Amino acid sequence: MFAGLRFTSLRLRLVVVFALVALTAAVSASGIAYWLNREAVLTRTQDGALGDFRQEMQNRAATLPLRPTEEDLRRTAEQMASGSAGYSVLLLGERDEGKPIIGASNPDTFTLADVPRALQEQVETERAVTETNAHPYHLFWQRTQRGRTPYLVGGTKIDGGGPTGYMFKSLEAERADLNSLAWSLGIATALALVGSALLAQAAATTVLRPVHRLGEAARQLGEGKLDTRLRVSGTDELAELSRTFNSAAESLQKKVADMSAREESSRRFVADMSHELRTPLTALTAVTEVLEDEQDSLDPMIAPAVALVVSETRRLNDLVENLMEVTRFDAGTARLVLDDVDVADQVTACIDARAWLDAVELDAERGIMARLDPRRLDVILANLIGNALKHGGSPVRVAIRTEGQELVIEVRDHGPGIPEEVLPHVFDRFYKASASRPRSEGSGLGLSIAMENALIHGGSITAANSPDGDGAVFVLRLPQDAEATEDGEQGEVEES
């Protein structure tokens, strides 16, 4: 019944709580029932025995002479004990003053030694006769035990100097009855406990089934199945919870649809804008190239303006290219064009093409081969090394190594490092460390595009500060064979 349950599961806790409540109730009820029955049985037995003994004392012991013989006492005690009450009798008298005699119905069963001293003192004590106390002597009783057998001992004395009588009744039968009752109540308690566990299991199943459905629906919702809804039945709290979940899921689906529509609209706008800008930019680029070639012959007053136009045109061209690249990543249309590449040669070509040979130290062994997209690797390296040269300090060191089936390229500079509050955002789009310099060189997309290109290969880039406090360290990790990347995870792969 409890297979597969964990100790911390709600089902098990419900069963335990039900069982504890049932156990407490059953034990309480059984204890009260036992106590009430015990008192009723013992009271009925002792009242019957003591009442019969009192009557026998009045009918028989009171008729004895003032100075009875031992035989008179014994015979009377036997007569008193012969009734249906089932007790033994002991009579005490005086043959002469100060000379006590004893008569017992069964000396082997009951002697004066079996009567507690405190009870004897109470029985023998004479009390003053008043309006509220008509007799000098009263009947007293006490429950005692001999060995493991319980007994009822009672005693009284005849008024006017008659004999003193004691009765001795075994309560073994009553104890046996009470033990049977205790066993019955114990069995009833155990059955109540088992029954409560079964009821708790049924109740837990009834209660937890909607909770399980709710959990499953929440999991599906978290997986992106925004059309998930719960079937609502009833008017209880769980039904209300299901209605609330459905309402929240519907609201979330609507908001996600609106956000997706706005995102698609924004992406389409950026793509269209970038595409439309390429034609005028091509013309502007051609003009700026002509102006740059003629810059030395221009009027010195015009030359700075021409240099600014050339610089800004190139910056705008880079921005448009980056925006188009970002749009392709967002649309999921980015493709890998794989080729077998000597990584050291690829890094050297990247550095040489940008005239960074004097500012970059390369630590790489020739012959490290990897199957990846050379163009995208060039984009990654250009962004990482360019960022290190721009914001760090020379020399920039590029180290290449392999770890298992993974290619690791480390770019380290010797600048001031990256502020701790900036580290989590270095790969965010359009993020710039200084908000006061929004027109600083660069679009804020370079590192973001580098990360996207690493991800499409199935790799990653991490940024940190050097442990010795001397500059920042960017670590690029790529699989040596990007073709082994899981299908569909980072886009399609094409052969070159």
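This is a short tour of the protein chain, stop by stop, with a selection to make at each one.

**Before you zoom in**

Keep in mind that you are looking at a predicted model. Show the whole chain as a cartoon, and you have nine helices and 13 strands to work with. Of the 496 residues in the protein chain, 35% are buried. Now switch on a surface: the accessible area is about 28,700 Å², and carbon and sulfur atoms own 55% of it. As for who touches whom, take the contacts with a separation of 6 or more; 62% of them link residues 24 or more positions apart.

**Stop 1: strand β4 and its two partners**

Select residues 149-157, which is strand β4. Eight of its nine residues are buried, so the strand is largely enclosed by the rest of the structure. You may want to hide the surface again here.

Add residues 140-146 to the selection to bring in strand β3. β3 and β4 run antiparallel, joined by seven bridges. To check the register, look at R143, which sits opposite L152 in β4. The two strands make a hairpin with two residues between them, and G147 in that turn has a positive phi of about 70°.

Next, add residues 164-170 for β5. β4 and β5 are antiparallel too, with seven bridges joining them. Here the pair to pick out is Y151 and S170, the latter in β5, standing opposite each other. This is another hairpin, with six residues between β4 and β5. In its turn, G160 has a positive phi of about 80°.

While you have the strands on screen, show their side chains. In a regular strand, side chains alternate between the two faces of the sheet.

**Stop 2: M167**

Stay in strand β5 and centre on M167. Is M167 buried or exposed? Its relative accessibility is 0%, so it counts as buried. Show what is packed around it: leaving out neighbours within four places in sequence, M167 is in contact with A49, L50, F53, Y87, S88, F110, L152, V153 and G154. One of those, L152, is the β4 residue opposite R143 that you picked out at the previous stop. For a distance label, try M167 to A104: they are 63 residues apart along the chain, and their C-alpha atoms are separated by 9.9 Å.

**Stop 3: the second largest pocket**

Now select L92, G93, E94, K157 and G162. Of the 17 residues lining the second largest pocket, these are the closest to its centre. The pocket has a volume of about 300 Å³. Which elements give two or more residues to the lining? They are β1 (88-96), α3 (117-124) and β5 (164-170). β1 gives the most, with three residues. Colour the lining by type and you should get seven nonpolar, six polar and four charged residues.

**Stop 4: strand β12**

Jump along the chain to residues 472-479, strand β12. Six of its eight residues are buried, so this strand is also largely enclosed by the rest of the structure.

Bring in β10, residues 406-412: seven bridges join it to β12, and the two run antiparallel. Across that pairing, V411 stands opposite F474 in β12.

Then add β11, residues 460-465, which pairs with β12 in the antiparallel sense over six bridges. A464 has V473 in β12 as its bridge partner. β11 and β12 form a hairpin with six residues between them, and G469 in the turn carries a positive phi of about 80°.

**Stop 5: A355**

The glycines in those turns had positive phi, so to speak, as a theme; A355 offers a variation. Its phi is near 60°, a positive value in a residue other than glycine. Find A355 in the loop between α7 (343-353) and β7 (360-363). With 70% relative accessibility, A355 counts as exposed.

**Last stop: Q253**

Finish on helix α5, residues 237-293, and pick Q253 within it. At 30% relative accessibility, Q253 counts as partly exposed. Not counting residues up to four places away in sequence, Q253 touches L226, D227 and R229. Draw one more distance, from Q253 to K225: the two are 28 residues apart along the chain, with their C-alpha atoms separated by 9.0 Å.

Note on methods
Residues are numbered from 1 along each chain as its sequence is written. Side-chain values use heavy atoms; hydrogens and water are left out. Helices (H or I, at least four residues) and strands (E, at least two) are DSSP runs, numbered from the N terminus. Buried means under 20% relative accessible area, exposed over 50%, partly exposed in between (1.4 Å probe, protein chains only). Contact means heavy atoms within 4.5 Å. Accessible areas come from the Shrake-Rupley method with a 1.4 Å probe; for residues, only the protein chains shown count as cover. On a 1 Å grid over the protein atoms alone, a cavity is a set of points where a 1.4 Å probe fits but cannot get out, and a pocket is an open set with protein on both sides within 12 Å along at least five of seven lines; lining residues have an atom within 4 Å of a point. Grid points are joined across faces, edges and corners, and a volume is the space filled by probe spheres set on the points. Ala, Val, Leu, Ile, Met, Phe, Trp, Tyr, Cys and Pro count as nonpolar, Asp, Glu, Lys and Arg as charged, and the others, Gly among them, as polar. Two strands pair if DSSP finds at least two bridges between them.
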